[in-house]
Amino acid sequence: MKTNYFLPFVLFTILLTFTAFKSDAKPPKADKFIIMIDPGHGGRDTGTPGTKRYRTTEKDIALDVSLALGKMITDNMPHVEVLYTRTKDVFPSLNDRANKANTDKADLFISIHCNAQPKGGSAYGSETYVLGTTKNQQNLEVAKRENSVIFLEDNYEENYKDFDPNSPESMIGLILSQEEYLEQSIQLANYIETEFQVSANRKSRGVKQNVFYVLAYTYMPSVLVELGFLTNKKEEDFLNSKKGKNIMTKSLYNAVKKYVDARVKNDTQDIAILVDQPYVEKPSAETRIIEGVTFKVQIAASSKQLETKPYNFKGLKDISREKNGRIYKYFYGQTSDYNVINTYKNEAKEKGYKSAFIVAYKDGKKVSLAQALKSKAN
Ligand SMILES: [Zn+2]
């Protein structure tokens with residue numbers, strides 16, 4: 001699929017841009033944890049009308065809860081920036097929604113919806129979806145309904161020619177390309193469903209998997225929440241009430257906070273600084289590029305998966321992360337110049353990473369520093 005090949009290229013370009021213009025000031029939001037909230041449907045796409053006893057439909061409830069959630073996050077979590085795919089009764093395409101989240105480099109994507117059953121169905125309860133395949137008929141119906149918005153869009157044949165959820169084979173590549181985010185998406189989905197069940201005292205129908213367009217094309221952890229069934233009278237009354245919306249918003253907020261707290265370091269004790277034998281060599285003032293070798297400064301290791309943003313690393317930018325077994329290692333900088341990496345190491349030490357040390361990679365493989373320095377220098 002075209003998109004799958006395109007993404008690494010985009011990421012590489014972004015990386016190049018950041019490396020090449022390291023001294024340029026980044027927009028302030030780059031230092032924040034960004035959450036993109038996506039109120040489902042909007043404009044001419046009303047979503048499910050429910051029992052039709054209300055003038056409001058799915059799109060209205062989704063927007064109310066989304067805006068309330070965003071406000072609660074903004075008011076209480078200063079290190080988080082909230083963005084929306086829509087804040088009014090308008091109709092962004094599914095394509096636009098995913099693109100916006102990718103362009104704005106969101107760290108998390110939450111799509112908010114309400115569920116429906118065919119006439120006569122009395123199902124109720126919440127569901128939270130992550131990307132995946134399913135053979136369960138009810139799950140398939142939900143995805144079909146939420147994806148069908150596509151057909152309301154102009155030029156849908158052109159825009160979505162690569163997307164065919166009815167062909168599991170064609171979806172496998174798409175799902176694989178999102179695999180790295182799946183674990184985190186499931187974690188958030190679990191927090192959300194637990195909150196609905198325990199704090200909100202609602203019926204949770206659990207965490208489920210399916211192919212939703214907005215989940216498949218957002219390159220970050222992402223979930224799609226079905227707050228409840230508008231085709232169930234009692235649940236429709238609840239979700240239309242101010243009290244009901246408040247309860248659901250508070251539960252979503254608790255879950256998001258739990259998720260973000262696990263990724264944003266609030267407590268410096270959480271990172272165990274590795275005490276390793278640092279390689280000591282006095283750097284000369286000249287450039288010392290070792291061809292084929294990449295140096296990085298290892299600053300920390302932890303069982304916690306943290307966002308590689310400056311607020312987690314005493315303001316240091318250009319942080320990368322690597323997973324080794326159950327431990328995440330965190331690195332500062334990357335360069336082929338041994339002298340440059342030494343200045344990075346000193347900078348990291350000054351910031352408080354007292355045991356920071358240089359690591360080296362040759363042709364993508366980790367090698368000892370001594371080995372790397374023996375390579376032919378330019
Ligand atoms: Zn929906």
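# Briefing: a hairpin, a zinc site and a nonpolar core

Strand 10 and strand 11 form a hairpin with 2 residues between them, and Asp363 in the turn has a positive phi of about 50°. This is a predicted model. Elsewhere in the chain, a zinc ion is coordinated by His41, Glu58, His113 and Glu146. The largest nonpolar core has 36 residues. The points below take these parts in turn.

**The hairpin and its neighbour strand**

- Strand 10 covers residues 357-362, and 5 of its 6 residues are buried.
- Strand 11 covers residues 365-367 and pairs with strand 10 in the antiparallel sense, over 3 bridges.
- One bridge of the hairpin joins Lys362 to Lys365, the latter in strand 11.
- Strand 10 also pairs with strand 7 (residues 293-302); these two run antiparallel and are joined by 6 bridges.
- Lys362 of strand 10 is the bridge partner of Val293.
- Lys362 thus appears in both pairings: with Val293 and with Lys365.

**Aromatic pairs**

- The count of aromatic pairs comes to 6.
- Among them, Phe331 and Tyr361 are edge-to-face, with 6.4 Å centre to centre and 80° between the planes.
- Phe331 lies in strand 9 (residues 327-335) and Tyr361 in strand 10, so this pair ties together parts that are 30 residues apart in sequence.
- Both Phe331 and Tyr361 are buried.
- Tyr332 and Tyr344 make a stacked pair, because their ring centres are 5.0 Å apart and their planes stand at 25°.
- That pair links strand 9, which holds Tyr332, to helix 11 (residues 338-350), which holds Tyr344; the two residues are 12 apart.
- Tyr332 is buried, with a relative accessible area of 2%.
- Tyr344 has 15% relative accessibility and also counts as buried.

**Charges over rings**

- The charged end of Arg202 sits over the ring of Phe238, 3.5 Å from the ring centre.
- The charged end of Arg263 sits over the ring of Tyr259, 4.1 Å from the ring centre.
- Tyr259 and Arg263 are both among the buried residues of helix 10.

**The zinc site**

- The zinc ion is held by NE2 of His41, ND1 of His113, and OE atoms of Glu58 and Glu146, with Glu146 listed twice.
- The coordinating distances run from 1.9 to 2.4 Å.
- Along the sequence, the donor residues follow the spacing H-x16-E-x54-H-x32-E.
- His113 lies in strand 3 (residues 108-115) and Glu146 in helix 4 (residues 137-147), so the pair links distant parts of the chain, 33 residues apart.
- His113 counts as buried at 5% relative accessibility.
- Glu146 counts as buried at 3%.
- His41 is found in the loop between strand 1 and helix 2.
- His41 is buried too, at 4% relative accessibility.
- The phi of His41 is positive, about 60°, although His41 is not a glycine.
- Glu58 is one of the buried residues of helix 2.

**The largest nonpolar core**

- Residues with the most contacts inside this core are Ile35, Ile73, Ile110, Ile112, Leu227, Leu252 and Val260.
- Several elements each supply at least two residues, including strand 1 (33-39), strand 2 (80-84), strand 3, strand 6 (222-229) and helix 7 (179-198).
- Helix 2, helix 9 (233-240) and helix 10 (242-263) are also among the suppliers.
- Helix 10 gives the largest share, 7 residues.

**Two helices that feed the core**

- Helix 2 (residues 58-76) has 19 residues and should span 27 Å at 1.5 Å a residue; its end C-alpha atoms are 27 Å apart, which agrees.
- Buried residues of helix 2 include Ile61, Leu63, Val65, Leu69 and Ile73.
- Helix 10 has 22 residues and should span 32 Å at 1.5 Å a residue; its end C-alpha atoms are 32 Å apart, which agrees.
- Buried residues of helix 10 include Met248, Leu252, Tyr253, Val256 and Val260.

**Another positive phi**

- Lys314 has a phi near 50°, a positive value in a residue other than glycine.
- Lys314 is found in the loop between strand 7 and strand 8 (319-324).
- At 35% relative accessibility, Lys314 counts as partly exposed, whereas His41 counts as buried.

Terms used: Residues are numbered from 1 along each chain as its sequence is written. This is a predicted model: local features need pLDDT of at least 70, side-chain atom pairs count only at pLDDT 80 or more; totals for chains, interfaces and linings use all residues. Side-chain values use heavy atoms; hydrogens and water are left out. Buried means under 20% relative accessible area, exposed over 50%, partly exposed in between (1.4 Å probe, protein chains only). Helices (H or I, at least four residues) and strands (E, at least two) are DSSP runs, numbered from the N terminus. Two strands pair if DSSP finds at least two bridges between them. Rings of Phe, Tyr and Trp (its six-membered ring) pair if their centres lie within 6.5 Å; planes under 30 degrees apart count as stacked, over 60 as edge-to-face and the rest as tilted. A charge sits over a ring if NZ of Lys or CZ of Arg is within 6 Å of the ring centre and within 35 degrees of the ring normal. Donors are N, O and S atoms within 2.8 Å of the metal (3.2 Å for Na, K and Ca); water is not among the atoms, so sites may look incomplete. The expected span of a helix is 1.5 Å times one less than its number of residues. A nonpolar core is a set of buried Ala, Val, Leu, Ile, Met, Phe, Trp, Tyr and Cys residues joined through side-chain atoms within 4.5 Å.
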